[in-house]
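The exercises below ask you to work through a structure step by step, from an interface between chains to the organisation of a single chain. Try each task with the structure at hand before reading its solution.

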Amino acid sequence: MEQDGIFWPHGLFAKEYYAGDEAKTTQFLKDLYSNVTVLDTGARGSTTTFVENKKGDVLLAWENEAFLSVKEHPGEYEIITPSISILAQPSVAVVDSIVKKRGTEEVSKAYLQYLYSDEAQKLAGENFYRPSNPDILKEFSGTFDLNLKLANIDSDFGGWAAATKKFFADGAIFDQIYKKK
Amino acid sequence: MTRFSLKRKKNKVIPGFGLSMGITISMLSLIVMIPLLSILLALSGTSFNQIIASVTDSQVVATYKVSLICSLIAAIVNCVFGVILAWILTRYQFPCRRILDGFIELPFALPTAVAGIALTTIYSDTGWIGGLFNKIGVEISYTTVGITIALIFIGIPFVVRSIQPVLEKLDSQYEEAAMMLGASRSKIFFKVVFPEILPALLTGFGLAFARGIGEYGSVVFIAGNIPYKTQITPLIIMSKLEQFDYGGATAIALVMIIFSFVILFSINILQSKVNKAAKG
């Protein structure tokens, strides 16, 4: 039994793992998802279901969620890092038209720049997010598995539009793995 | 004579029909009608075939079944326990009656997400109540049973609050008369009391049923959200919105509106029949 709130990393992971063999990838996902008992609406919901309500044997989680669970419940869970995973980067941006209207351009840009300062990068690492600054990432080599091969949406899967169409659009791979046989 | 009576009708004690009707129509339009119509407008960019494909997709149809069946069972359970609860609250005086009465409204007041998380925790395999059921091999959280329990929770005030005023007003002379005429206690309940509360019970049933079909917040936590098994229709709408499929989401929303409308409309018809039968 497993439970999971995030589909796409595994879909992409399988594709990478089977070196692009579509049939094998879909079959892998079918087998995987036939064991999933709860699909929460978000990653934090999944963590709660698994960690607090003790549902399922395995939680497929984001790295930071996994570390947080272990921090909250020391000794209860074991983290298994796969050999391949996918780089997930939420975007952060200053929207010109809005900051100009509100006169907040300066403070917004300052915040954006701060996120990439050494101080903020260290804070991210302490909270289990991989720092994007490679030097600071190395300082956290005790926390993160730096040998993990990370696939990237843009370079490995042709960007979000293509990946969405292939995996998540109506009738795409995710719908196929749940179609009744 | 005729003139006089016509004049009398015009001069109501409290005037202001024009004003109150105007307010009624404006409020209904701004808050109910226009938003509902905008759903139809949002569909205008979607072709008829796309709409049909969205609403008849096998995964979506499976969610209608889960939503309708769980809401129906929840509404029926609420009717049985709602009558008992309303009965207890109106017919007996006991300590903490007022507090218990206040509890009935809690599902209205509580944010649905809070209710959902609380129910999920308590009814999960390791929770207080879920743990007991787990021992006899019954899973509640993350199954359709859990969905039904969440819907019972949010539906109970509709039933109790519909019946309560009727029970309070019900003249006990009818029951006394029936007893003096030799009717058994069960006969008094089913032949004298029950027909009186039936219209109100139907209202409560319809409201609880329709609300259950649309409920999202409390259900998503306790449902496992597994396609074909524990997915509810509102969840499908949410995930379509997240995929920017506004047309599909709107089409399914329209189906839900039709479901709710049909339920409430048939309850109304049933009610007027019951009322006629009671008067005739």
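**Exercise 1. The partners of a salt bridge between chains**

Task: Establish whether B:Glu139 is buried, partly exposed or exposed, and describe the salt bridge in which B:Glu139 takes part.

Solution. B:Glu139 has a relative accessible area of 33%, and therefore falls in the partly exposed class, since that class lies between the limits of 20% and 50%. The model is a predicted one, and in it the side chain of B:Glu139 meets that of A:Lys55 in a salt bridge, with an N to O distance of 2.1 Å. The other partner, A:Lys55, has a relative accessibility of 5% and so counts as buried. Over all chains the structure holds ten salt bridges. The pair discussed here crosses between chains, running from the loop between α3 (43-52) and β3 (58-60) of chain A, where A:Lys55 lies, to the loop between α8 (128-135) and α9 (144-169) of chain B, where B:Glu139 lies.

**Exercise 2. The interface of chain B and chain A**

Task: Characterise the interface between the two chains by its residues in contact, its buried area and its polar interactions.

Solution. Begin with the contacts, in which 21 residues of chain B meet 17 residues of chain A. The size of an interface is often given as the accessible area lost when the parts come together. For chain B and chain A the buried area is about 1600 Å², and carbon and sulfur atoms account for 47% of it. On the side of chain B, the residues B:Tyr142, B:Ile226 and B:Tyr228 supply 36% of the area buried against chain A, which is more than any other three residues supply.

Next come the polar interactions: one salt bridge is counted between chain B and chain A, and six residue pairs, both members at pLDDT 80 or more, are in polar contact across the interface. As to where the touching residues of chain B are placed, α4 (58-91), α7 (112-123) and α13 (233-242) of chain B each supply at least two residues of the side that touches chain A. By class, this side of chain B consists of seven nonpolar, nine polar and five charged residues.

**Exercise 3. Salt bridges within a chain**

Task: Compare the accessibility classes of the partners in the salt bridge of A:Glu105 and A:Lys109 with those in the salt bridge of B:Arg211 and B:Glu215.

Solution. In chain A, the side chains of A:Glu105 and A:Lys109 meet at 3.2 Å, N to O. These two residues are four positions apart in helix α6 (residues 105-115) of chain A, so about one helical turn separates them. A:Glu105 is partly exposed at 27% relative accessibility, and A:Lys109 is partly exposed as well, with a relative accessible area of 36%.

In chain B, the closest N and O atoms of B:Arg211 and B:Glu215 are 2.6 Å apart. Here B:Arg211 counts as partly exposed at 30% relative accessibility, whereas B:Glu215, with a relative accessible area of 4%, is buried. Chain B also contains a network in which salt bridges that share partners join B:Asp101, B:Glu105 and B:Arg161.

**Exercise 4. The two domains of chain A**

Task: Describe how domain 1 and domain 2 of chain A meet, and name the salt bridge between A:Arg130 and its partner.

Solution. First fix the division of the chain, in which domain 1 covers 1-87 + 152-181 and domain 2 covers 90-145. Six residues of domain 1 and seven residues of domain 2 take part in the contact. The area buried between these domains is about 570 Å², of which 61% comes from carbon and sulfur atoms. A:Glu63, A:Asn64 and A:Phe67 supply 73% of the area that domain 1 buries against domain 2, more than any other three residues.

The salt bridge count between the two domains is one, and the side chains of A:Arg130 and A:Glu63 meet in a salt bridge at 2.7 Å, N to O. Two residue pairs, both members at pLDDT 80 or more, are in polar contact across this interface of domain 1 and domain 2 of chain A. The side of domain 1 that touches domain 2 has two nonpolar, two polar and two charged residues.

How values were computed:
Residues numbered from 1 in each chain as written. Chains lettered and ligands numbered in written order. Predicted model: local features only at pLDDT ≥ 70, side-chain atom pairs only at ≥ 80, totals over all residues. Heavy atoms only, no water. Contact = heavy atoms within 4.5 Å. Buried area = accessible area lost by both parts, 1.4 Å probe. Salt bridge = Lys/Arg side-chain N within 4 Å of Asp/Glu carboxyl O. Polar contact = N/O pair within 3.5 Å; in protein donor to acceptor, adjacent residues only side chain to side chain. Nonpolar A, V, L, I, M, F, W, Y, C, P; charged D, E, K, R; others polar. Buried < 20%, exposed > 50% of the residue type's maximum accessible area, 1.4 Å probe, protein only. Domains from an automatic or database assignment.
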